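Please open the model in a viewer and keep the sequence panel visible. The tour below proceeds by selections, and each stop states what is to be found there.

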Amino acid sequence: MAANDSSVYANDDLIIVQFFISLFLCINFLLITVFFMKDFFYTTMRYIFFALTLMSDCVILMLSDVMLILTYFAYTIPTSCCLIVYVAVSVYTYVTALTLTAMTLERFVAICMPLRHRELCSTRSALHCILIIHAISALPDVIFLSIFSAYVNRSFYTQSALCSMEIFILHTWQTHITSAISQFYFLIMFITITFSYFKIMKVAKAASGQNRKSTWKGLRTVVLHGFQLFLCVFQLWCPFIEAAMLQISLELYTVVRYFNYMVFILSPRCLSPFIYGLRDDKFFVALRSFVLCGLYKKELSN
């Protein structure tokens with residue numbers, strides 16, 4: 001009877017996850033569609049970065065959901081396929097975190113250096129930043145793959161196993177290296193966001209009228225980016241926590257993994273649509289116009 005109850009709870013948990021993933025994917029695809037509808041959005045740096053976070057979140061949601069379903073049904077796949085999925089999720093987790101940091105810097109330039117904003121935050125600069133973000137995001141996985149490939153035979157890639165990070169941890173020091181890189185990235189991003197926050201706060205206190213309102217809104221955006229960044233970066237440490245829980249109990253491992261997935265993977269993905277999809281006036285008007293089939297088209301053009 002207890003086993004049946006446990007199975008029912010597990011099924012309910014999986015259904016809840018699938019509901020939220022489907023909801024967030026639909027919202028993200030809707031916002032991406034709105035982004036490409038108006039040239040102002042895909043020629044403005046902060047909206048380009050916003051679209052990048054949405055696309056990155058979609059990749060993470062879809063691939064992590066595949067891994068979750070495979071684990072839930074105990075379905076094994078070739079380790080080579082699992083490695084590709086793991087690397088993709090890892091890269092785009094860093095992409096999301098670094099893009100949030102870049103968005104914070106863009107707000108810093110817009111508020112603290114308004115005369116240079118057009119020069120520093122052009123479309124060309126945004127595209128260059130995207131390339132740099134992907135290169136920096138891929139670096140930890142290049143290091144991981146270089147170390148990993150030196151210790152396994154080719155036959156390992158043809159074996160089948162449950163898809164999880166644990167199968168790629170051959171030595172304890174691997175986790176130390178990966179953790180050190182994650183912490184270094186987090187430290188740099190934390191310092192960047194903290195520096196931007198205090199600089200914007202200084203400008204906000206000195207501003208007046210409409211500028212003051214706009215500046216304080218930018219400050220709140222930076223705070224939200226910081227919170228979102230914390231959740232995203234903590235996701236990088238989740239596999240190590242889950243591996244430790246697996247050594248204690250399989251049931252505890254399952255509970256912790258579900259909690260981590262809901263809090264540190266799903267939750268940050270609902271903040272991006274809120275920060276720019278609802279809080280940004282121009283994007284909200286465009287979104288409303290699209291959803292209501294152009295009813296507010298005149299308002300958008302103004």
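Begin by selecting Thr96 and Asp57, whose side chains make a polar contact of 3.5 Å. The model is a predicted one, and every distance in this tour is to be read with that in mind.

**First stop: Thr96 and Ser56**

Keep Thr96 selected and show the helix around it: Thr96 belongs to helix α3, which covers residues 79-112. Is Thr96 buried or exposed? Thr96 counts as buried because its relative accessibility is 1%, under the 20% limit that defines a buried residue.

Now add Ser56 to the selection. A second polar contact of the Thr96 side chain is found here, as the side chains of Thr96 and Ser56 are joined at 2.7 Å. To see the wider surroundings, display the residues in contact with Thr96 beyond four places in sequence: Ser56, Asp57, Ile60, Cys232 and Arg269.

Next, centre the view on Ser56 itself. Ser56 is part of helix α2, residues 45-72. With a relative accessible area of 1%, Ser56 is buried. Which backbone atom lies 2.8 Å from a polar atom of the Ser56 side chain? The atom to pick is the backbone oxygen of Tyr92. When neighbours within four places in sequence are set aside, the contacts of Ser56 are Tyr92, Val95 and Thr96.

**Second stop: the annotated spans**

Colour the segments that UniProt, in an unreviewed entry, records as "transmembrane region": residues 15-36, 48-77, 83-105, 126-152, 180-201, 222-246 and 258-278. Two of these segments may be examined in turn.

Select residues 48-77 and draw a line between the end C-alpha atoms, which lie 36 Å apart. This span is 83% helix and 3% strand. Then select residues 180-201, where the end C-alpha atoms lie 31 Å apart. Here the span is 100% helix and 0% strand.

**Third stop: Phe35**

Move to Phe35, in helix α1 (residues 2-37). Phe35 has a relative accessibility of 5% and therefore counts as buried. Show its partners: apart from residues up to four places away in sequence, Phe35 touches Phe41, Tyr42, Tyr47, Ile48, Ala51 and Phe283. A further distance may be drawn from Phe35 to Thr123; these residues are 88 apart in sequence, and their C-alpha atoms are 14 Å apart in space.

One of the partners of Phe35, Phe283, leads to helix α9, residues 281-291. Select the buried residues of α9, which are Phe283, Val285, Ala286, Leu287 and Ser289. Just after α9, inspect the backbone of Cys293, which takes a positive phi of about 60 degrees.

**Fourth stop: the salt bridges**

How many salt bridges are counted in the model? The count is 2. For one, select Glu106 and Arg107, whose closest N and O atoms are 2.8 Å apart. Both Glu106 and Arg107 are buried.

For the other, select Glu119 and Arg116, with the closest N and O atoms 3.4 Å apart. Glu119 counts as exposed because its relative accessibility is 52%, whereas Arg116, at 38%, counts as partly exposed.

**Fifth stop: a nonpolar patch on the surface**

Switch to a surface display and select Leu139, Val142, Ile143, Tyr151, Leu170, Trp173 and Ile177. Together these residues form a nonpolar patch with about 590 Å² of accessible area. Helices α5 (123-149) and α6 (172-206) are the elements that give two or more residues to the patch. Which element gives the most? It is α5, with 3 residues.

From the patch, pick out Ile177, which is located in helix α6. Its relative accessible area is 31%, so Ile177 is partly exposed.

**Final stop: Ser149**

Return to helix α5 and select Ser149. Ser149 is partly exposed, with a relative accessible area of 40%. To finish, draw a line from the C-alpha atom of Ser149 to that of Ala204: the two residues are 55 apart in sequence and 51 Å apart in space.

Notes: Residues numbered from 1 in each chain as written. Predicted model: local features only at pLDDT ≥ 70, side-chain atom pairs only at ≥ 80, totals over all residues. Heavy atoms only, no water. Helix = DSSP H or I, 4+ residues; strand = E, 2+ residues; numbered from the N terminus. Buried < 20%, exposed > 50% of the residue type's maximum accessible area, 1.4 Å probe, protein only. Polar contact = N/O pair within 3.5 Å; in protein donor to acceptor, adjacent residues only side chain to side chain. Contact = heavy atoms within 4.5 Å. UniProt positions renumbered as here; feature names shortened; annotations may be inferred. Patch = residues over 30% accessible without salt bridge, like charges linked within 9 Å, V, L, I, M, F, W, Y side chains within 5 Å. Areas by Shrake-Rupley, 256 points an atom, 1.4 Å probe, with all protein chains shown as cover. Salt bridge = Lys/Arg side-chain N within 4 Å of Asp/Glu carboxyl O.
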